[in-house]
Amino acid sequence: MAERPREDVPSEAGAEEAVKIICLGDSAVGKSKLLERFLLDGFRPQQLSTFALTLYQHHARVDGKAVLVDFWDTAGQERFQSMHPSYYHKAHACIMVFDVQRKVTYKNLSNWYKELREFRPEIPCIVVANKIDADMKVTQKSFNFARKLSLPFYFVSAADGTNVVKLFNDAIKLAVTYKQNSGDFMDEVMQELESFDLEKKSEDLSDQEDSSPEEKPPSS
Ligand SMILES: Nc1nc2c(ncn2[C@@H]2O[C@H](COP(=O)(O)OP(=O)(O)OP(=O)(O)O)[C@@H](O)[C@H]2O)c(=O)[nH]1
Ligand SMILES: [Mg+2]
């Protein structure tokens, strides 16, 4: 099935489950290239940094169920310091990437992880060591960050495709399992807040209706 950027996807019909997976990590660690490798099965080695936010939709099957996956990709930034909270909102899994050739990107994982946990205390998070094609010997090294936190850890290469399909398929499974089984307290609170917000908005609208009839909300 074809995967394309969100704006080209005509319909979301048919999906029995929908999950959101976010990518985190410093700039130029290869977040976009990993997504490209998985979704387009290709790798274009140009240097373009992700400008703001790119959303990709992917149709997957998990245990016979049609799953619609929203992948969120953004520029990992130095430039922005941290992500907007809406990036984390209702995410069901996280792929956190570093570049085995740049130690600083490994060190910064702890900052990314801290921020992730402020917003999403319980979602599955996979730690990814990317660019192993540049030096296969790194796979002999031990990277303790993931082990200490008991997080799944993968050595991958967006350039030659090593472990990429496995990484994303596992991430999708984890996201679906999380969504189906979590009694995530924060999710429930967010849901409450949202319905509260909607109620409030419709009240505001009906107030408006009295004063400015030309701005009627659509009747339903
Ligand atoms: N050798 C090698 N280079 C890679 C690999 N993955 C990405 N690169 C290169 O690393 C650079 C950055 O990759 P991107 O995917 O744009 O990085 P990003 O994490 O999306 O960066 P931002 O959008 O700025 O956050 C590009 O020049 C890629 O060609 C890989 O597996 N191996
Ligand atoms: Mg990018």
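**Two helices that cross, and one with two faces**

Start with a pair of helices: α1 (residues 31-40) packs against α6 (residues 164-181) at an angle of about 90 degrees, and their axes are 9 Å apart. That angle makes α1 roughly perpendicular to α6. If you want to find the spot on screen, look for L34, R37 and F38 on the α1 side and V164, V165 and F168 on the α6 side, since these residues make the contact. Sorted by class, the contact between α1 and α6 has 5 nonpolar residues, 1 charged residue and no polar ones.

Before going further, a word on what you are looking at. This is a predicted model, with an ipTM of 0.99 and a pTM of 0.79. The protein chain averages a pLDDT of 82, and 70% of its residues score at least 70. Two stretches call for some care when you read the picture. Residues 1-11 have a pLDDT below 50, and in the model this stretch has 13 contacts beyond near neighbours in sequence. Residues 211-216 also sit below 50, with 2 contacts of that kind.

Now zoom out to the whole chain. The protein chain has 7 helices and 7 strands, and from the N terminus on the elements run β-β-α-β-β-α-β-α-α-β-α-β-α-α. Of its 220 residues, 30% count as buried. Take the contacts between residues at least 6 apart in sequence: 74% of them join residues at least 24 apart.

Next, helix α4, which covers residues 109-119. Which of its residues are buried? They are L109, W112 and L116. These three cover an arc of only 65 degrees around the axis, so they lie on the same side of α4. Several elements help to cover those buried residues, among them the strands β2 (17-24), β5 (93-99) and β6 (125-130). Helices take part as well, including α2 (85-88), α3 (103-107) and α5 (144-148).

Turn α4 around and you get the other face. The side turned away from the buried one carries the exposed residues S110, K114 and E118.

Let's stop at one of these, S110, which has its place in helix α4. Why does S110 count as exposed? The cut-off for exposed is 12 or fewer C-beta neighbours within 10 Å, and S110 counts as exposed because it has 12 C-beta neighbours inside 10 Å. There is also a link to a more distant part of the sequence: S110 and A146 are 36 residues apart along the chain, and their C-alpha atoms are separated by 10.0 Å.

Technical notes: Residues numbered from 1 in each chain as written. Chains lettered and ligands numbered in written order. Predicted model: local features only at pLDDT ≥ 70, side-chain atom pairs only at ≥ 80, totals over all residues. Buried ≥ 20, exposed ≤ 12 C-beta atoms within 10 Å, placed from the backbone. Helix = DSSP H or I, 4+ residues; strand = E, 2+ residues; numbered from the N terminus. Arc of directions from axis to C-beta. Contact = placed C-beta atoms within 7 Å. Axes fitted to C-alpha atoms, helices over the stretch in contact; angles between N-to-C directions. Parallel < 35°, antiparallel > 145°, perpendicular 65-115°, else oblique. Nonpolar A, V, L, I, M, F, W, Y, C, P; charged D, E, K, R; others polar. pLDDT = per-residue confidence, 0-100.
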